[in-house]
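I wanted to see how the strands in this structure are arranged, and I kept a short record of what I looked up.

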Amino acid sequence: MMKRRLFLGAGCAAGALASGCDFSLRDGVFNACRADLPTDLRDHPLVTSAWRGLNPEKVWDTHCHVFGDGDSGSGLWYNPRLEQIWRPRGYVQREFYVNASCVDETPGNVDKSFVERLLGKCLGMPPGFHVLLFAFDWARDDAGAPMPERSTFHVPDTYVAKLAKNHPAHFEWAASIHPYDPKALDRLDAAVEKGARAVKWLPSAQNIDPADARCDRFYARLAALQLPLIAHAGDERAVHDFGEHLGNPLRLRRPLDAGVKVVVAHCASLGEGQDTDRAGKVMLPNFELFARLLEDPNYRKNLVGDIAAITQGNRMNVVPILLERSDWHARLLNASDYPLPGVVPLIYLKSLFDQKLLDPEALEPLRRLREINVLLFDLVLKRSLSLNGRGFPAAVFETAPFFKRPT
Ligand SMILES: [Zn+2]
């Protein structure tokens, strides 16, 4: 048992998108991937009260990953090292993603079944609900050339744009454009043309320094287009090939000062970063550095945070603070980090209850929901969190207006 636990823990620590995790096996290991929502669960008071006061038309889950192996000709790619069982970290991580998203691994079915399963989950939500799907650019060198050997995933803009075009009732999309790519500005214009709602970066995995002057032209165009930049901040733990320092929230001052609308993914809720506002090497929780930006009156209009994955064991220390700071609520966007909420050991529901953030009666229906529809599970869980009777208001979940394009 001990061996198994360590093995899984190592896989998780290397999880490409997992941002590290505090493993708990007490809720089980694998997601059962059940299909239909039974009536008693659909009509459960926990579920109905989660939707009460929400306009589903405005409810977008603003952080969803897409993956596959390209077996449909999609251009989807993952690094073959994830498949090598003698490198257990990558292998276990990949198995969890496959399981969490309930993918059919039969060759030729991987890409297609990922989309079908995700659509099935969207159909389990009230009409109007959308997910914001993320493309994922290559890691690129300083001249902007792709570095497949140092990349973990590649999810082409064109593929995700097509998914959104083919399924407009359920999908919106965010492009992923590396600012060092010599074609970055053309790609940005093309993405906007195809209906992109944002640009997504994972700096430590893609070799992007958000504080570098090389990004300035890109920032100027983003600001002119009023297109939000969703930047992963805080530790990544998994793909930190180019250094966790790139995830320091203070590096995002550069796009903020350029007038870019910035979404700090996960509210930077993991790890420590250097307080570069002070002399010497003072390390502070990245979340605290994010809070400093949030409190800065200069960024009141263009800085928000997403609450993707904050219920994970290693991030949930920020939940009470985020619940308490009602003055921040208008600047938080709900998001699931799909498929991660389906990775059962990442979210240990009982410890949320132990911290008095979750009603004990919510545990059983939430466990069942997770096995059937992780999008619904994540939304109901976040809607059910409360501290001294105070939860996240509807505005945190009604995220669509933030991504509205100027006409
Ligand atoms: Zn993510």
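These are my entries on two sheets and a helix.

I note that this is a predicted model, in which local features need pLDDT of at least 70, side-chain atom pairs count only at pLDDT 80 or more, and totals for chains, interfaces and linings use all residues. I number residues from 1 along each chain as its sequence is written.

Entry one. I looked up an open sheet of three strands and found the order β1-β3-β5 with parallel pairing; strands here are DSSP runs of E with at least two residues, numbered from the N terminus, and two strands pair if DSSP finds at least two bridges between them. The edge strands are β1 (60-65) and β5 (171-174), and each of them pairs on one side only. On average, neighbouring strands of this sheet are turned by 30° against each other, direction ignored, where axes are lines fitted to C-alpha atoms, for helices over the stretch in contact, and angles run from 0 to 180 degrees between N-to-C directions.

Entry two. I then followed β1 to strand β3 (residues 130-134), with which β1 pairs in the parallel sense over four bridges. Trp60 has His130 in β3 as its bridge partner.

Entry three. I also looked up an open sheet of five strands, where the order is β6-β7-β8-β11-β12 and the pairing is parallel. Because β6 (199-201) and β12 (332-333) stand at the edges with a single partner strand each, one side of each is left without a neighbour in the sheet. Inside this order, strand β8 (residues 262-265) pairs with strand β11 (residues 303-306) in the parallel sense over three bridges, and Val263 has Val304 in β11 as its bridge partner.
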